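Biologist: Before we discuss the arrangement of this assembly, please place the sequence and the structure before us.

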Amino acid sequence: MNSKEKVGGVSGVSNIADEEDKLNKALGEFRLSVHAWSDAAYGRTRTAVVPNPRRVWWLAAGWALGCVLVAGGASAGVWEHHQHQQEMRIAAAHAVGQQRQATQVREQQVREEKADLLTREDLLAKVDKDVSREVPAAMEPLGQLMAEDETQ
Amino acid sequence: MAMAEEIGAEEFSAVVATHRQQIFRFLLASTRDVDLAETLTQDCFLKAHRNWASFRGESSAMTWLMRIAINLQKDHWRNRRMQFWRHARANAVDLGEASEWLPSGERSAEQQLLARERVRQVGKAVEGLSERQRTVFLLRYVEEAELSEIARATGLSEGTVKAHLSRAVAKVRAELGARQ
């Protein structure tokens, strides 16, 4: 080993020793810092938040009011919807009833017209029959003569 | 029976008084969240109180409590990761912020600045460690626990603890070296 190598070896060892020294120093300082930080945090004054009864009451009242409003709004909406549906149903039923009534009226009219027509035809037939029966059978030849005279 | 319970309560109060600060410190360094560290510390002692009968005294009370704290912290992160991890991340501060608490000692302003920078670098490196490496590192270099104690607290073998510690220190060294 020459003198340069010796010097290099010595400086290498010295570098390692320096690094170790620095590491140990840093670790010691880190330990001190954590201890100091922990002591400060451990001894800090702690504030306990005591809930204010009035504030709690207001909070509860607010929640209750909010719940009531939400429930009221929801039930009003449901009621409104239900009411609308009912009105629609009534209107539809009314329209169907009117339509049915109109149909019935029309059918009644047709029936009446038919009945009327039949009555008139029956009446004529009856009159014809009655008229034919008013002339006795024995007078029929006279009747024919009268008709002939009229034509003359 | 009532007398035994009373003595137990007194005994437990003494245990809490002795170890609470250390458990809190470990949880604070692990979670970087003061409120969370306080909650987990309380949970740790509550769990310890409930399971005090299962503590057989094979290890020190501190090691047993530390084991509970490590498990609580693991459970917490497991649950948080699933649900509120974003919120949890928002509450956590950089571990490098611990440098603000570094005692000034008898150093000059320049030395203080350099020391704070070193602490910030270590903090950054620790944040980048895996959960297990970080736990082992904090127990060794912040709580100054022996390897055997760390092994008992984490439930790992001493060899595994050494391996984790070696990797963690290598990362811290690299971070310090990179910023030179």
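Modeller: A residue is buried if 20 or more other C-beta atoms lie within 10 Å of its own. The model is a predicted one.

Biologist: Which residues of H5(B) are buried?

Modeller: The criterion of 20 or more other C-beta atoms within 10 Å decides the matter. In H5(B), the residues that satisfy it are B:Ala115, B:Arg118, B:Val119, B:Arg120, B:Gln121, B:Val122, B:Gly123, B:Ala125 and B:Val126.

Biologist: Why does the end-to-end distance of H5(B) agree with expectation?

Modeller: H5(B) has 19 residues, and the expected span is 1.5 Å times one less than the number of residues. The expected span is therefore 27 Å, and the end C-alpha atoms are apart by 27 Å.

Biologist: Which residues have the most contacts inside the largest nonpolar core?

Modeller: This core comprises 44 residues. Helix H1 (3-42) of chain A gives two or more residues to the core, as do several helices of chain B, including helix H5 (109-127). Those with the most contacts inside the core are B:Ile23, B:Leu27, B:Leu65, B:Ala69 and B:Val122.

Biologist: With which residues is B:Val122 in contact, leaving aside its neighbours within four places in sequence?

Modeller: B:Val122 is one of the buried residues of H5(B). With those neighbours set aside, its contacts are A:Ala26, A:Leu27, A:Phe30 and B:Val172.

Biologist: How many nonpolar residues does the side of chain A that touches chain B have?

Modeller: In total, 17 residues of chain A are in contact with 21 residues of chain B. By class, the chain A side has three charged residues, three polar residues and, as nonpolar residues, eleven.

Note on methods. Residues numbered from 1 in each chain as written. Chains lettered and ligands numbered in written order. Predicted model: local features only at pLDDT ≥ 70, side-chain atom pairs only at ≥ 80, totals over all residues. Core = buried A, V, L, I, M, F, W, Y, C linked by C-beta atoms within 7 Å. Buried ≥ 20, exposed ≤ 12 C-beta atoms within 10 Å, placed from the backbone. Helix = DSSP H or I, 4+ residues; strand = E, 2+ residues; numbered from the N terminus. Contact = placed C-beta atoms within 7 Å. Nonpolar A, V, L, I, M, F, W, Y, C, P; charged D, E, K, R; others polar.
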